Amino acid sequence: MQATSVERPVEHTSARLLDGRGLALQVRARVAAEVAEHIAHGGKVPGLAVVLVGADPASQVYVQHKITACEEAGIRSFSHRLCAQTSEAELLALLDRLNADPQVHGILVQLPLPAQINVQRVLARIQPGKDVDGFHPENLGRLAAGFPALRPCTPKGCMRLLGSAQIDCRGKLAVVIGASTIVGRPMALELLHAEATVVVAHKNTRDLPNLVRQADILVVATGVPGLVKGEWIKPGAVVLDVGINRLADGTLTGDVCFAEARTRASWITPVPGGVGPMTIACLLENTLEAAQNGCFAAV
C-alpha cells in the first residue's frame, strides 16, 4: 500500500524586535555615570545648546525630549528659541556666540529651518568639535575617510542596534533607501566600515521592490509612510525603519509596513521605540565626547 504524503503546515515566524528603548536606557545610564566621573575628575559640566527656529509642533516635542534627556544625564542644556521670522544672519550670529562660549560643548540646530535660512550654511557654521549632530562637512568627510570624530546620531544608533543583536554585517548586502546627509549617506558609510556591500537607493529608484528583495540588511529613511511593503522583504532580513510619520489620526508609523514585514524579517525595529530613542542616546554620547575632547575634533 502506497503511503500518502501529508503536507505539513508552514510554521509561522515573527521577527524579533530591535528594542531601541531598552538599549537607549542602558546607553543613557552609562553616559550619566561617565558625566559624573568626568566632573569628579575636574572636567567642566558638559553643555548642550539647542536652537529652535519657529514653532513647528513636532520640532518642539523633539527639542523637549532632548532637553529632558540632558538633565537626566547631568548635562547642562541651553535652550535658544527664535521666532520663525529670524533671519539667517541673526542665526549665524547666535552660532558664532555659541562657538565661542566655553560652557557650550555641543550645538544642535533643530531641523527643519524656515525657508529664508540656508541649512547648509548654518550647519557649516557650527564648529566641527561642537557639531554633536555630526552634520558638519568636516565630520561627514572624516566618516567617509575612515577616521570619524563626531558621528551622525541616527546612523550611529542604528549600528548600536545591530551590535546589540550581534548582527555581523560583513559580506552582507545592505540596502539603504534614502540618501540624505542626515541619515542615508552616513548610514551607508557606517555599513561600509562594517564591511557590508552597500547599495544606496531612494524612493524613485527603478524596480525598488526587486532591489529590496535582495537585501540582507535594509535601512529605510524616506519619510514616506508605508513605502516598503512586507512582501518585498527577503526572508530572514534585518530591517531598520528610521521613518517616523504622524498620520491623520495622530498615530505614528514608519516607512515600512511593520505587521507584514515582521512575518518575513528576522529582526525589525518598531516605530515608535526603535531607532528614535537611540538617536537621542547617541546625541548625549556625542555631547560628552565633545566635552572630553575640549570641543576640538581629534587630528
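# A walk through the model, starting at a cysteine

Select C158 to begin: at a relative accessible area of 0%, this cysteine is buried. Keep in mind as you click around that the model is predicted.

**Stop 1: the cysteines**

While C158 is selected, look for a partner. Which cysteine sulfur is closest to that of C158? It belongs to C282, and the gap is 8.9 Å, which is too far for a bond. Now pick C169, which is in no disulfide either; its nearest cysteine sulfur is the one in C158, 11 Å away. C169 is also buried, since its relative accessibility is 5% and the cut-off for buried is under 20%. Across the whole structure the disulfide count is 0.

**Stop 2: a small stretch of loop**

From C169, step back along the chain to Q166, in the loop that connects α6 (153-164) with β5 (173-177). Is Q166 buried or exposed? Exposed, with a relative accessible area of 74%. Check its backbone too: phi is near 55°, a positive value in a residue that isn't glycine.

You can find another case at D207, where phi is likewise positive, near 55°, and the residue is again not a glycine. D207 sits in the loop between β6 (197-201) and α8 (208-212).

**Stop 3: the sheet**

Next, select β2 (47-53) and β3 (76-82), plus β4 (106-109). These make an open sheet of 3 strands, ordered β3-β2-β4, and the pairing is parallel. β3 and β4 are the edge strands, each pairing on one side only. Going from one strand to the next, the twist averages 15°.

Zoom in on β2 and β3. How many bridges join them? There are 7, and the two strands run parallel. To get your bearings, put V51 in the centre of the view and find H80 of β3 opposite; then move to V50, which has S79 of β3 opposite.

Now colour β2 by accessibility: 7 of its 7 residues are buried. Side chains in a regular strand alternate between the two faces of the sheet. Here G47, A49, V51 and V53 point one way, L48, V50 and L52 point the other way, and all are buried.

Add helix α3 (residues 88-100) to the selection. This helix lies across β2, β3 and β4, and its direction makes an angle of about 175° with β2.

**Stop 4: helix α2**

Select residues 57-73, which form helix α2. Try a quick sanity check with the distance tool: 17 residues at 1.5 Å a residue should span 24 Å, and the end C-alpha atoms are 25 Å apart, which agrees.

Then show the side chains. S59, V63, K66, I67, A69, C70 and A73 are the buried ones in α2. Turn the view to look down the axis of α2 and you'll see these buried residues within an arc of 160°, so they line one face of the helix. An α-helix has 3.6 residues a turn, so residues three or four places apart point the same way. Over on the other side of α2, P57, E71 and E72 are exposed.

What do the buried residues of α2 pack against? Their partners are α1 (20-40), β2, β3, β4 and α10 (275-292). Before leaving, click G74 just after α2, where phi is positive at about 85°.

**Stop 5: two cis peptide bonds**

Go to the loop between β4 and α4 (119-125), where you'll find P112. The bond joining L111 and P112 is cis, with omega about 5°.

Where is P272? Look in the loop between β11 (267-268) and α10. The peptide bond leading into P272 from V271 is cis as well, and its omega is near 0°.

**Last stop: H136**

Finish on H136, in the loop between α4 and α5 (137-145). H136 is buried, with a relative accessible area of 10%. Which residues does H136 touch, leaving aside those up to four places away in sequence? Show L123, A124, I126, P128 and D131 to see them. For a final distance, draw a line from the C-alpha of H136 to that of R151: the two residues are 15 apart along the chain, and their C-alpha atoms are separated by 9.9 Å.

Methods
Residues numbered from 1 in each chain as written. Predicted model: local features only at pLDDT ≥ 70, side-chain atom pairs only at ≥ 80, totals over all residues. Heavy atoms only, no water. Helix = DSSP H or I, 4+ residues; strand = E, 2+ residues; numbered from the N terminus. Expected span 1.5 Å × (residues − 1). Buried < 20%, exposed > 50% of the residue type's maximum accessible area, 1.4 Å probe, protein only. Arc of directions from axis to C-beta. Contact = heavy atoms within 4.5 Å. Pairing = 2+ DSSP bridges. Axes fitted to C-alpha atoms, helices over the stretch in contact; angles between N-to-C directions. Disulfide = S-S within 2.5 Å.
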